[in-house]
Every structure is written in C-alpha cells, then in structure tokens.
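Let's walk through a metal site and a ligand pocket, one question at a time. Have the viewer ready.

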Amino acid sequence: MPITATVATPSLRIVPLDAPLGARIDGVDRSQPWDAATAAAIQQAFLTRHVLVFPGATMDPAGVLAFARRFGDTVAEVNREKRLGELPEVSRINSTIKAIEPGKDLQFHVQTSLRSEEWHTDQSFVERPAKATILHAHEVPSRGGATWFCNTAAAYDALSDDMKRRLTGLKAVHGYDTARARYRPAVRTQEEIDESPDVVHPLVRTHPESGRKALYLNFNRLDHILDIPRAESDAILDELAAWVAQDRFIYRHNWTVGDAVVWDNRCTLHRVCYDSPVGDRRVMLRVVTQGDRPF
Ligand code: OGA
Ligand code: MN
C-alpha cells in the first residue's frame, strides 16, 4: 500500500499511516451525514487500511452512536453493567490505573481492563462477532496507554507455506473465558451466560468484503483447536501468539482527546499497553457493529 494521501473530495484527506495498517481521515465532519463520494472513499480506506483514525472534538454518547452507525448496525454489550444508561449500545470504559500494588496486578476502576492487554479481536465468543469497533477518547493519560493494532491479513500472508497448510481447515473453540487466558472476565448473570455459549470459528477466516484471508485469533477467548490433542493445540496457539506480536505487523496508536478510532475486527487484533502514570485518567466511549459468521 503506497504511503500517499488520497484526495477523494475537496475537503477529505485520507493519509495512510507509516505502518502496516491504519489511515488518518482529515477534513470530514463526523456529526453530519456523508455524501456518497466521501462514504465510498472512507469505506475503501476501511477495507484496505483496517484501522481509521478520525481526529476531532469530543462527542457525547448520542454523537458517537450516530457516527458508529456509518460502520454498520450497532449492537448492545453482552454485559449489562457495561452498558451506558439510555443507550445500551454505548459503553463507557474507564481504564484509569488506580494503583500499582507490589506483587499484585495493576488496579483499575474496572478490573477486567487488564484483559485488554492481551491480543484480541472483539466479541469472538459469539457466533456473529463484531465487525467494527469505534473507540472515542474522552480522557487520555499524559503519556502511555497506547492501543496497538496487528494486521492479521499481513500476518497470515507472511506465514510459511507449511504453516498455511497446517492451519488449513482448522477450527477452534472460543469461549467467554478459558484457562489459557491470563486474566478473568467480568462475571456473567445467568441471562448473559445463556446468551453466550462457546462457539467454533475457523483459525483462518476469509474477509467477507475483500476476500482476503486473515488469522482469526483471540488470546482471551481461544480455548483449543478442534480434533487435535490439546498439547498440539496449545503449541500452535502459542506459536501464533508470538507470530502476530512482531513489529512488522503492528501500528501503535497514541491517543489524543477527541480521537475516534474505528477498526475492522475481521482482519486485526488489538491490545492496550498499560504503561501510563497511576491516576492519569483514561476514559473512552465504545460502540461495536454487527459482523457476519466467520468462514
Ligand atoms: C476495546 C479495547 C482497547 C483500549 O474497546 O475493545 O480493547 O485501548 N480497548 O482501551
Ligand atoms: Mn477490545
């Protein structure tokens, strides 16, 4: 992908980031409907760059929701407690580090924040996982707290032919929780448990819009690969975890207040880097849109 700006309309500027994924979108009013040329150019950038950064002023929950709807049908969080009042599709995430206690995990306002340090794609524990996630920064720490993104289509392409053959046709069980994950998720109510049984997804998925293959992984949710011994499954998953963490596949987003970042969960992984000063507030609004069943 050439690193040059594409000018689609007189005001719109799409600038690919100097990274294996990501583009910055300037000159677009996030609060107004987009004309067809603008919408098409942004959609094209979404499909080729996978992560879009829209700088701007902060939006309120209704504003973020309206913006998110440009990227699909918005869906409510499984966990009721993460939902924001009147708008169940909008969550407010407070991932401020409250304290560092020696010998213990970092302490957060919401302790499950720790889980977002692991490479993951959103909602892979459901049958039709998220297509896009929209994360909008209300408060950001004075330094640190970046979100890292991995291009899993590039990571797939770079695999050896042997490894590609080994992964062909393999499917894996994703669950709300798995013993392989380092940290535990929020406890579900019985209603939420009934809504989120374990699911099976291919390890390599085909993007429904671009047709590109990508690794489909989530180290918080992946329990095991079907039809092979667990030890072999663990070895493959560990190897893939090291593979996707290579710099050559990664963009690190350092947040500015007001940024809205939209990513394609079908061909990316993300994780947070919790290295910001204790007490520096980190507060985001978040919306996800409905995806298809991976194939
Ligand atoms: C998420 C997530 C990362 C962050 O919202 O799905 O993983 O940087 N957040 O807060
Ligand atoms: Mn996430």
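What follows is a short set of questions and answers on this predicted model.

Q: Which protein atoms are the donors of the manganese ion (ligand 2), and how far from it do they lie?
A: Three side chains do the job: His120 through NE2, Asp122 through OD and His270 through NE2. Along the chain they follow the spacing H-x1-D-x147-H. As for distance from the ion, they lie at 2.1 to 2.2 Å.

Q: How many residues apart are His120 and His270 along the chain?
A: His120 sits in the loop between β9 (106-108) and β10 (130-139). His270 belongs to strand β19 (residues 268-272), so the pair links distant parts of the chain, going by DSSP strands. The separation is 150 residues.

Q: Is His270 buried or exposed?
A: The cut-off for buried is under 20% relative accessible area. His270 has 6% relative accessibility, and His120, at 9%, is buried too. Because 6% falls under that cut-off, His270 counts as buried.

Q: Which residue has a polar side-chain atom 2.5 Å from an oxygen atom of ligand 1?
A: Residues surrounding ligand 1 include Asp122, Thr147 and Arg282. Asp122 places a polar side-chain atom 3.0 Å from a ligand oxygen, and for Arg282 the distance is 2.7 Å. The 2.5 Å contact is made by Thr147.

Q: How much of the accessible area of ligand 1 does the protein cover?
A: The shell around ligand 1 has 4 nonpolar, 4 polar and 3 charged residues. On its own, ligand 1 has 290 Å² of accessible area. The share covered by the protein is 94%.

Note on methods
Residues numbered from 1 in each chain as written. Chains lettered and ligands numbered in written order. Predicted model: local features only at pLDDT ≥ 70, side-chain atom pairs only at ≥ 80, totals over all residues. Heavy atoms only, no water. Donors = N, O, S within 2.8 Å, 3.2 Å for Na, K, Ca; no water. Helix = DSSP H or I, 4+ residues; strand = E, 2+ residues; numbered from the N terminus. Buried < 20%, exposed > 50% of the residue type's maximum accessible area, 1.4 Å probe, protein only. Near = heavy atom within 4 Å. Polar contact = N/O pair within 3.5 Å; in protein donor to acceptor, adjacent residues only side chain to side chain. Areas by Shrake-Rupley, 256 points an atom, 1.4 Å probe, with all protein chains shown as cover. Nonpolar A, V, L, I, M, F, W, Y, C, P; charged D, E, K, R; others polar.
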